[in-house]
Amino acid sequence: MQPELCRRPSIPRSLRSGWNPIAPRIIDSMIEQPLVGVVMGSKSDYEVLVAAVEILRALQIPHEAKIVSAHRTPDRLYEYAETAKARGLRVIVAGAGGAAHLPGMLAAKTLVPVLGVPVAATQLNGLDSLLSIVQMPKGVPVGTLAIGKPGAANAALFAAEILATTDSALYERLAAWRAARTQEVLDQKLGEESPT
Ligand code: RP5
């Protein structure tokens, strides 16, 4: 861990005041040993999975993002899953479209929790991917999130919640992030509404 990160206050100002996924300090979290692996079946999936990466950056969670295709690079998939625990990964977020066997195959090869994100990549608009990921047979679980960017963002938040069970500083950042989202809504006004 970077010494600078150790000295930081547990609740970053960016999380208290609003959404700021590109604050300079977050770059530090990219060069630490990753705790969360974000993998996707294709570069085209990054348009969706970037929503997970932005959350991880904002919460200062060390992470990595890689392309791992279950059917085009199966050997890479096996290597990724087999080395995940030893490399220190605590959660894997896996997004894929179509038949979407990436999350399930990763889960079959590691005990690191896998969170699956269905990507809308075919004429079935992600329903194919959703059903493929959510219908894992008994014995090899994949936590399945919603289709698309909301699911990717929630996968990262879920990963953060898992990590926060053993990281009180992250718990504080997560609480601040949630409080900021609440405040955003409380601050919203419709044209007809009188200020309260
Ligand atoms: C899946 O096929 C990928 O996860 C992606 O969602 C979809 C299309 O891939 P590309 O043709 O864009 O590479 O394996």
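## Terms and overview

A residue counts as buried when its relative accessible area is under 20%, and as exposed when that area is over 50%. This structure is a predicted model. Buried residues account for 46% of the 196 residues in the protein chain.

The protein chain holds nine helices and five strands. In sequence order, its pattern is α-α-α-β-α-β-α-β-α-β-α-β-α-α. Take the contacts between residues at least 6 apart in sequence: 68% of them join residues at least 24 apart. The accessible surface of the chain is about 10,700 Å². Carbon and sulfur atoms supply 57% of that surface.

## The sheet

The five strands form one open sheet. Their order across it is E2-E1-E3-E4-E5, and the pairing is parallel. E2 and E5 (143-144) are the edge strands, each pairing on one side only.

## Strand E1

Strand E1 covers residues 36-40. Five of its five residues are buried, so the strand is largely enclosed by the rest of the structure. Its side chains split between two directions. Val36, Val38 and Met40 point one way, while Gly37 and Val39 point the other way. Both groups are buried.

E1 has E2 (residues 63-67) as a partner, joined by five bridges. The two strands run parallel. Here Val39 faces Lys66 of E2. Between E1 and E2 the chain passes through helix H4 (residues 46-58). This β-α-β crossover is right-handed.

E3 (residues 91-97) also pairs with E1. Again there are five bridges, in the parallel sense. Val38 stands opposite Val93 of E3. Gly37 has Ile92 of E3 as its bridge partner.

## Around the ligand

Which residues surround the ligand? They are Gly41, Ser42, Ser44, Asp45, His71, Arg72, Ala96, Gly97 and Ala121. Gly97 and Ala96 fall within the span of E3, residues 91-97.

Several ligand oxygen contacts can be picked out. The side chain of Ser42 places an N or O atom 2.6 Å from an oxygen atom of the ligand. Arg72 has a polar side-chain atom 3.1 Å from a ligand oxygen atom. Gly97 contributes through its backbone: an N or O atom there lies 3.0 Å from an oxygen atom of the ligand. Taken alone, the ligand exposes 360 Å², and the protein buries 68% of that area.

## Two loop residues with positive phi

Gln60 sits in the loop between H4 and E2. Its phi is near 60°, a positive value in a residue other than glycine. Is Gln60 buried or exposed? Its relative accessibility is 7%, so Gln60 counts as buried.

Ala100 belongs to the loop between E3 and helix H6 (102-109). Its phi is near 50°, also positive in a residue other than glycine. Why does Ala100 count as buried? The cut-off for buried is under 20%. Ala100 has 5% relative accessibility, and therefore counts as buried.

## In brief

The predicted chain arranges five strands in an open, parallel sheet. E1 pairs with E2 and with E3, and its five residues are buried. The ligand has Ser42, Arg72 and Gly97 among its surrounding residues. Gln60 and Ala100 are both buried loop residues, the former between H4 and E2 and the latter between E3 and H6.

Terms used. Residues numbered from 1 in each chain as written. Predicted model: local features only at pLDDT ≥ 70, side-chain atom pairs only at ≥ 80, totals over all residues. Heavy atoms only, no water. Buried < 20%, exposed > 50% of the residue type's maximum accessible area, 1.4 Å probe, protein only. Helix = DSSP H or I, 4+ residues; strand = E, 2+ residues; numbered from the N terminus. Pairing = 2+ DSSP bridges. Right-handed = clockwise from strand over helix to strand, strands pointing away. Near = heavy atom within 4 Å. Polar contact = N/O pair within 3.5 Å; in protein donor to acceptor, adjacent residues only side chain to side chain. Areas by Shrake-Rupley, 256 points an atom, 1.4 Å probe, with all protein chains shown as cover. Contact = heavy atoms within 4.5 Å.
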